[in-house]
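Open your viewer and keep the selection tool handy. We will walk from one stop to the next.

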Amino acid sequence: MRIVGLTGGIGSGKSTVSNLFKSHSIPVVDADLVARDVLKKGTGGWKKVVEAFGEDILQANGEVDRPKLGYIVFSDHGKRQVLNRLLAPYISQGIFQEVIKLWMKGYKVIVLDIPLLFEVKMDKWTSPTIVVWVDSETQLTRLMERDGTSMEDAKNRIDAQMPLDLKKTKADIVIDNNGSLEELKENFLEVLKLVTKPLTWTEF
Ligand code: ATP
């Protein structure tokens, strides 16, 4: 089985590329969705987070107050690391469960859409790894347009991540997404050919 890693920076176009894969019948495991599941009330991840951050981060119904937790960890790098470290094992387990389900359904090529591919070292499981890349100006403009946020807020969110230019150097395949959506679709078709080429014997 081939697990293709798909990553990039905030607002660089991962979800757009992920939708292109789905529209070509390639299944996508979305790490953000898995990360949501591991925080659901009563799960192992939920218990760890309540132990570490206290019951103050819970809503009245017992679910984690995500905006509140987000605010806490985005204003404190140390706390962000604590949260990432606590949840990482649950997230990788959840991802592997999703991958195995797809493998059992007979899929030979799947895509793992994961913003923190390199940071959490999941790239050791993926080949090839794709980075959706845009220059910093385009990234800033698209992020502000999509989320309706200020330039300062958008810059802060970009700066909180591993630099996109560094991710680009770690990629097997770079999708340049500075152009129009039409150009992206054309670039994508070339990448699709590469990732769907027949498996080598080591991938079986
Ligand atoms: P996040 O990490 O925040 O989830 P992302 O990497 O998934 O972001 P997208 O949501 O796919 O990024 O794209 C960011 C915004 O840019 C969206 O509004 C999307 O419609 C737009 N966009 C993506 N590619 C292009 C393009 N080539 N031309 C114009 N707009 C684009």
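Here is a short tour in three stops.

Before you click, note that this is a predicted model: local features need pLDDT of at least 70, side-chain atom pairs count only at pLDDT 80 or more, and totals for chains, interfaces and linings use all residues. Residues are numbered from 1 along each chain as its sequence is written.

**Stop 1: the ligand.** Select the residues near the ligand, meaning those whose C-beta atom, placed from the backbone, lies within 6 Å of it. You should get 16, with K14, S15, T16, R142 and R146 the closest. Two or more of these residues come from each of α1 (14-23), α6 (136-147) and α9 (181-195), where helices are DSSP runs of H or I, at least four residues, and strands are runs of E, at least two, numbered from the N terminus. The largest share, 3 residues, belongs to α1.

**Stop 2: the core.** Now look for the largest nonpolar core, which has 35 residues. Such a core is a set of buried Ala, Val, Leu, Ile, Met, Phe, Trp, Tyr and Cys residues joined through C-beta atoms within 7 Å; buried means 20 or more other C-beta atoms within 10 Å of a residue's own, and exposed means 12 or fewer. Helix α5 (77-104) is among the contributing elements, and its 5 residues are the largest share. Highlight L112 and I130, which have the most contacts inside the core.

**Stop 3: a loop.** Finish at K40, between α2 (31-37) and α3 (44-53). K40 is exposed because it has 12 other C-beta atoms within 10 Å. From its C-alpha atom to that of E186 is 39 Å.
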